[in-house]
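Subject: Structure for your files

Hello,

I am handing over the structure below. My notes on it follow, starting with the cysteines.

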Amino acid sequence: MKQHKVKMAKRFLSGFLLVFYCIANMVLQVLSANIVNGTRGASWIWPCHHTLSEPLQTGEISIYWQGQNNSHIVVHVYTKGKEDFKYQSQTFKNRTKIFPDQLSSGNFSLAIEPLTLRDDQTFLEVILAPGNRPSEKLCQTSLYVAALFQKPQIEINQTEMTAACSTKGGYPKPEIRWSFEGGVSRVGQHEVQTTVTYEEDGTYSVHSTANITGLQKVTCDVYNPTSNQTVSSTKDVPPHSPVSPGITAVIIIIIVVVIIIIIFAAYRIWAFQEVGVGRNKSQTQ
């Protein structure tokens, strides 16, 4: 019984070490890969230049642009002197281009156009299989795709003394930063409420509110961590009015109605007095 438990423990430890090794190896490969960023809808060149001791015989080689450690992601294939689209992944159909006349000199660069959000966090590599020689892994690259956020819109609510910052159409999740009067001081977390919504098209929309009591100017920065781009808007805070515009309008209407009633009442009194004076005159005569 004890021997059985020992064997089970050894098997479990061996399996655990194997899984740990595989995960660690994948992480190291991802970290060591060249990280590049692209923008949704734009073209992207995956540069790959390999130094050769002699020109390649393109009719005798195979080159695979594929997912790193995942041959199921086939971006592009060149084999026996021509491009082969038979095994190309559906998501890359009609979006890739290589430079066949430069392959023999070691230029294995590839263009993807246009980039989509599905390309985000794709780990790529080039596999060069030159005839009977061992294959080589080249140009390992981690591709991250960003979608640019629209310029944020700021709306001021004087009744509640809050500012609302809204934007949409971006990817990945942004960082929202508030600043005031042109400075860099930030509102405390308890005074900021930010909602990030994932939309059907894969992008994010953002709505953030901040307390602006006592401020004269507010700036909302939307930072995209992938594109390293910030879009901003600034707006002056109007002087705080203790009475909202709606209440002010109601008060004005009430005042106008009261004035009309007073005028009407005064006219009735005057008319009544005029009638009384006319009767007195007629009785006297």
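Cys-220 is buried, at 0% relative accessibility. Please keep in mind that this is a predicted model.

Disulfides

The count of disulfides comes to 2. Cys-220 is bonded to Cys-165, with an S to S distance of 2.0 Å. The torsion about this S-S bond is -75°, and the link is left-handed. It connects distant parts of the chain: Cys-165 lies in strand E11 and Cys-220 in strand E15 (residues 217–224), 55 residues apart. Cys-165 has a relative accessible area of 1%; because the cut-off for buried is under 20%, Cys-165 counts as buried.

The other bond joins Cys-48 to Cys-139, again with S to S 2.0 Å. Here the torsion about the S-S bond is about 80°, so this disulfide is right-handed. Cys-48 sits in the loop between E2 and strand E3 (61–67), whereas Cys-139 belongs to strand E9 (residues 136–146); the two are 91 residues apart. Cys-48 is buried at 0% relative accessible area, while Cys-139, at 24%, is partly exposed. With the bonded cysteines numbered in sequence order, the pairing reads 1-2, 3-4.

Sheets

Strand E11 also takes part in an open sheet of 4 strands, ordered E10-E11-E14-E13 and paired antiparallel. E10 (153–157) and E13 (192–198) are the edge strands; each has a single partner strand, so one side of each has no neighbour in the sheet. On average, neighbouring strands in this sheet are turned by 15° against each other, direction ignored. E10 and E11 (residues 162–170) run antiparallel and are joined by 5 bridges. One of the bridge pairs is Gln-153 with Ser-166 of E11.

A further open sheet has 3 strands in the order E2-E7-E6, also with antiparallel pairing. Its edges are E2 (44–46) and E6 (96–98), each with a single partner strand, so one side of each is left free of a neighbour in the sheet. The average turn between neighbouring strands of this sheet is 25°, direction ignored. E2 pairs with E7 (residues 110–112) over 3 bridges in the antiparallel sense, and Trp-44 has Ile-112 of E7 as its bridge partner.

Core

Trp-44 appears again in the largest nonpolar core, which has 42 residues. Trp-44 is among those with the most contacts inside this core, along with Ile-63, Trp-65, Phe-108, Val-126, Trp-178 and Val-218. Leaving aside neighbours within four places in sequence, Val-218 is in contact with residues including Ile-154, Ile-156, Ala-163, Trp-178, Phe-180, Ile-212 and Val-237.

Regards

Definitions and conventions: Residues numbered from 1 in each chain as written. Predicted model: local features only at pLDDT ≥ 70, side-chain atom pairs only at ≥ 80, totals over all residues. Heavy atoms only, no water. Core = buried A, V, L, I, M, F, W, Y, C linked by side-chain atoms within 4.5 Å. Buried < 20%, exposed > 50% of the residue type's maximum accessible area, 1.4 Å probe, protein only. Contact = heavy atoms within 4.5 Å. Pairing = 2+ DSSP bridges. Axes fitted to C-alpha atoms, helices over the stretch in contact; angles between N-to-C directions. Disulfide = S-S within 2.5 Å.
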